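Visitor: I have a protein model to look at. Could you show me how to read it, one feature after another?

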Amino acid sequence: MEIKGIKPKIRYLGDMKEVLFDKKWAEKKENLEVYYMYRGVEERDNIRYDIVIIPPRILGEKEFTKTKGHRHEGNFQELYYVLDGEALYLFQKGEEVVE
């Protein structure tokens, strides 16, 4: 599916190994499409609008579909809207990376 002529970036189960509970189940399904990211659907007033579509499913026996997550450097803010369905959010404070 395309939104405004934008093809999605697809996050596959194999991309999410380190954040999954049932890693053994996931080994057999690495090519499973988990969610779809449409970047830059619109830009207005210095705000970039993205759409992420997360189909409802269970991963393994008891884990809800989720995103892999990401980290921002510096002062960066995000705003989330649920356009359809329901969502639960878990935000984690990142640890400082020391090399």
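Guide: We go from the overall layout to the core, and then to single residues. Keep in mind that this is a predicted model.

Visitor: How many helices and strands are there in the protein chain?

Guide: Start by counting elements. The protein chain has 1 helix and 5 strands. Then read their order along the sequence: β-α-β-β-β-β.

Visitor: What does the C-alpha trace span along its principal axes?

Guide: The span is about 45 × 40 × 25 Å. The chain has 99 residues, and 18% of them are buried.

Visitor: What share of the exposed area do carbon and sulfur atoms supply?

Guide: The chain exposes about 9000 Å². Carbon and sulfur atoms supply 49% of that area.

Visitor: How far apart are the mean positions of the positive and negative charges?

Guide: Count the charges, then compare their mean positions. The chain carries 18 positive and 20 negative charges. Their mean positions are 4 Å apart.

Visitor: What do contacts tell me about residues far apart in sequence?

Guide: Look at contacts between residues at least 6 apart in sequence. Here, 45% of those contacts join residues at least 24 apart.

Visitor: Now the inside. Which residues make up the largest nonpolar core?

Guide: A nonpolar core is a set of buried nonpolar residues joined through side-chain atoms. The largest one here has 9 residues: Leu 13, Met 16, Leu 20, Trp 25, Ala 26, Val 34, Tyr 35, Met 37 and Leu 59.

Visitor: Which elements each supply at least two residues of this core?

Guide: Those are α1, residues 23–27, and β2, residues 33–44. Strand β2 gives the most, with 3 residues. Another core lies apart from this one. That other core has 5 residues, among them Ile 3, Tyr 36, Tyr 38 and Val 41.

Visitor: Let me try one core residue. Is Val 34 buried or exposed?

Guide: Find its element, then its accessibility. Val 34 sits in strand β2. Its relative accessibility is 0%, so Val 34 counts as buried; the cut-off is under 20%.

Visitor: Which residues does Val 34 touch?

Guide: Set aside residues up to four places away in sequence. Val 34 then touches Arg 11, Tyr 12, Leu 13, Met 16, Pro 55, Arg 57, Thr 65 and Lys 66. You can also compare sequence and space. Val 34 and Thr 67 are 33 residues apart in sequence, and their C-alpha atoms are 8.2 Å apart.

Visitor: And what does Leu 20 touch?

Guide: Apply the rule about neighbours in sequence again. Leu 20 touches Leu 13, Ala 26, Leu 59, Glu 63 and Lys 66.

Visitor: Is Leu 90 buried or exposed?

Guide: Leu 90 is exposed, because its relative accessible area is 71% and the cut-off is over 50%. Leu 90 lies in the segment after β5, residues 63–64. Its C-alpha atom is 10.0 Å from that of Lys 66, 24 residues away along the chain.

Visitor: Where is Gly 14 found?

Guide: Gly 14 is in the loop between β1, residues 9–12, and α1. Gly 14 is partly exposed, at 23% relative accessible area. Between the C-alpha atoms of Gly 14 and Thr 67 the separation is 13 Å, and along the chain it is 53 residues.

Visitor: What about backbone angles? What is phi of Asp 45 near?

Guide: Check the sign of phi, and check whether the residue is a glycine. Phi of Asp 45 is near 55°, a positive value in a residue other than glycine. Asn 46 is not a glycine either, and its phi is positive at about 60°.

Visitor: Where do Asp 45 and Asn 46 lie?

Guide: Asp 45 is in the loop between β2 and β3, residues 47–53. Asn 46 is also in the loop between β2 and β3. Asp 45 is exposed at 69% relative accessible area. Asn 46 counts as exposed at 87%.

Visitor: Last one. How many aromatic pairs does the count come to?

Guide: The count comes to 1 aromatic pair. Tyr 80 and Tyr 89 form it, with 5.4 Å centre to centre and 50° between the planes. The pair is tilted. Tyr 80 is partly exposed at 38% relative accessible area, and Tyr 89 is partly exposed at 44%.

How values were computed: Residues are numbered from 1 along each chain as its sequence is written. This is a predicted model: local features need pLDDT of at least 70, side-chain atom pairs count only at pLDDT 80 or more; totals for chains, interfaces and linings use all residues. Side-chain values use heavy atoms; hydrogens and water are left out. Rings of Phe, Tyr and Trp (its six-membered ring) pair if their centres lie within 6.5 Å; planes under 30 degrees apart count as stacked, over 60 as edge-to-face and the rest as tilted. Buried means under 20% relative accessible area, exposed over 50%, partly exposed in between (1.4 Å probe, protein chains only). Helices (H or I, at least four residues) and strands (E, at least two) are DSSP runs, numbered from the N terminus. Contact means heavy atoms within 4.5 Å. Accessible areas come from the Shrake-Rupley method with a 1.4 Å probe; for residues, only the protein chains shown count as cover. Lys and Arg count as positive and Asp and Glu as negative; His and the chain ends are not counted. The place of a charge is taken as NZ of Lys, CZ of Arg, CG of Asp or CD of Glu. A nonpolar core is a set of buried Ala, Val, Leu, Ile, Met, Phe, Trp, Tyr and Cys residues joined through side-chain atoms within 4.5 Å.
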